[in-house]
Amino acid sequence: MGNAGVVLTCAWLGGERADGLAALGADALVASAIPAPHGLSWKMYQGDRDRVMPNYSHGTAGIATALAVAGHRLRRPDLVEAARLGAQHLVALADLDDAGFRLPLQVPQAEDREPYAYGWCHGPTGTAQLFGALALAGVTSVAGRSCTEWMDRAARSVQASGLPTRLRPGFWDNDGRCCGTAGVLNATLNRAQGTGDATHLRFAGRLAAALVDRAVRSPADDDLCYWRFHEHRVDPPELDPGVGWMQGAAGIASALARYARIRDRGLATLSLSLPDDWWMGIGSHRPEPKPKGPSEG
């Protein structure tokens, strides 16, 4: 919703004008950092005194990711160091039981929500991308463990959570790209392509099968389908179908198409390059920045 997303997109676009905007946005992010006992943290809104959402879409994880990517693109070690300090803060905040890695959905915990989420927006699925961005920027370890180990631990927490099964009301009621199954599927495919590990591809198959199983066929045309998410706090719990990228059919269908392509053609098939995760897979990386000459600093 804010500066970090703009910075990521500008770093993805590249070029003189985009690099200038990325630098401007990154400097604003560094200026808004909040010192923490083990590093740096950020809030989504500066005036939000009582709530912190530390994960990818609205908090420290996504902001630190943007700084790491921008630092790599702009050859700015100061931005990379700020990103590393953000990751260090998150590691101190995380639940690391069972060799996993997961951060609270919200601090302090909201009474009407699960304490942990597992999707792209508020869970280890998205937050793992911070460690991939740090590795891209040349960071070898955070809090004594490699970036690869932190990504592996995040994947372990996701796979051990029980998703995509709806274990209880309020747990895994969403199949979209932002908060649900499609987002986990896309990130799992990134991990499969980035590592070559078939374990990730098998988990991706489970996720894809759940999406296919939950597709609702249109009563007017059997050639059409859509998805309906659940909100257990309302009656009836089925929500209207969405059509968009983050919370609807566009994002879900894209993830399914990508899974089918990799399943049929192999892990080496090219992937769509997107601003929020291009560094996590293979075949989708942006061109490396050109070295600056002496007159450019």
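## Exercises on a predicted model

**Exercise 1.** How does the reach of helix 8 compare with the span expected at 1.5 Å a residue?

*Solution.* Start with the residues: helix 8 runs over 198–214 and has 17 of them. (Helices, H or I and at least four residues, and strands, E and at least two, are DSSP runs numbered from the N terminus.) Next, the expected span is 1.5 Å times one less than the number of residues, which gives 24 Å here. From first C-alpha to last, helix 8 reaches 25 Å, close to that value.

A quick note on the ground rules: this is a predicted model, where local features need pLDDT of at least 70, side-chain atom pairs count only at pLDDT 80 or more, and totals for chains, interfaces and linings use all residues. Residues are numbered from 1 along each chain as its sequence is written, and side-chain values use heavy atoms, leaving out hydrogens and water.

**Exercise 2.** Find the buried residues of helix 8 and what they pack against.

*Solution.* Buried means under 20% relative accessible area (1.4 Å probe, protein chains only), exposed over 50%, partly exposed in between. Among the buried ones are His 200, Phe 203, Leu 207, Leu 211 and Arg 214. Now look for contacts (heavy atoms within 4.5 Å): the partners are helix 6, helix 7, strand 5, strand 6 and helix 9.

**Exercise 3.** Which residues does Phe 101 touch?

*Solution.* Skip residues up to four places away in sequence. The list then includes Leu 90, Val 91, Pro 124, Phe 131, Trp 150 and Arg 153.
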